[in-house]
Amino acid sequence: MHEGRRLIGLQHKYPETVLIFPRQGQTCHAYCTYCFRWPQFVGEADLRIATDDIATTSAYLRAHPEVTSALITGGDPLVMSTEVLRRYVEPLLEIDTVRSIRIGTKSLAFWPYPSPPTGTPTTSSASSRRWWRVAATSR
């Protein structure tokens with residue numbers, strides 16, 4: 001709950017950790033038999049957990065300094081474009097109490113080609129530059 005309303009697309013796994021389910025990342029390269037996120041992939045809209053309300057997510061995290069870890073998950077957030085993922089990650093970088101930003105992904109195993117940084121922050125692709133920016137914050 002935030003300001004009296006239920007937040008869709010956020011879930012607390014632990015008191016200090018919030019899972020963020022981006023609406024655009026509700027697909028995956030694989031459908032693992034052990035996956036507990038099966039509701040994200042079936043056609044039942046009532047079972048899905050997803051958000052594209054980044055402003056409310058950020059406001060919630062600012063109002064809850066006990067949350068020190070944000071896990072962007074899904075589906076798989078690395079199926080999203082660099083620009084879309086940036087819209088979720090960059091606001092988190094502005095919240096001082098969020099000390100850890102993680103991305104729950106299997107993409108590195110199933111589709112490793114656009115994976116994290118190569119080169120330097122100035123010579124890298126747009127995809128790699130987003131990782132360099134996160135790495136520069138030590139989060």
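The following paragraphs go through a nonpolar core, a helix pair and one strand residue. The model is predicted, with local features needing pLDDT of at least 70 and side-chain atom pairs counting only at pLDDT 80 or more, while totals for chains, interfaces and linings use all residues. Residues are numbered from 1 along each chain as its sequence is written, and side-chain values use heavy atoms, without hydrogens and water.

The largest nonpolar core (buried Ala, Val, Leu, Ile, Met, Phe, Trp, Tyr and Cys residues joined through side-chain atoms within 4.5 Å) has 21 residues, of which Val18, Ile20, Leu61, Tyr88 and Leu92 touch the most other members. At least two core residues come from each of strand S2 (17-20), helix H1 (54-63), strand S3 (69-72) and helix H2 (82-93); these are DSSP runs, helices being H or I of at least four residues and strands E of at least two, numbered from the N terminus. H2 gives the largest share, 6 residues. Beyond neighbours within four places in sequence, Leu61 is in contact (heavy atoms within 4.5 Å) with Val18, Val67, Leu92, Ile95, Thr97 and Val98.

The axes of H1 and H2, lines fitted to C-alpha atoms over the stretch in contact, with angles from 0 to 180 degrees between N-to-C directions, come within 10 Å and cross at roughly 25°. H1 is therefore roughly parallel to H2, a term for angles under 35 degrees. Ile54, Ser58, Leu61 and Arg62 in H1 meet Arg87, Tyr88, Pro91 and Leu92 in H2.

Thr17 lies in strand S2. Thr17 counts as buried because its relative accessibility is 5%, the limit being under 20% relative accessible area with a 1.4 Å probe and protein chains only. Leaving out residues up to four places away in sequence, Thr17 touches Gln11, His12, Ser69 and Arg102. Between the C-alpha atoms of Thr17 and Ser100, 83 residues apart in sequence, the distance is 9.1 Å.

Key
Buried < 20%, exposed > 50% of the residue type's maximum accessible area, 1.4 Å probe, protein only. Parallel < 35°, antiparallel > 145°, perpendicular 65-115°, else oblique.
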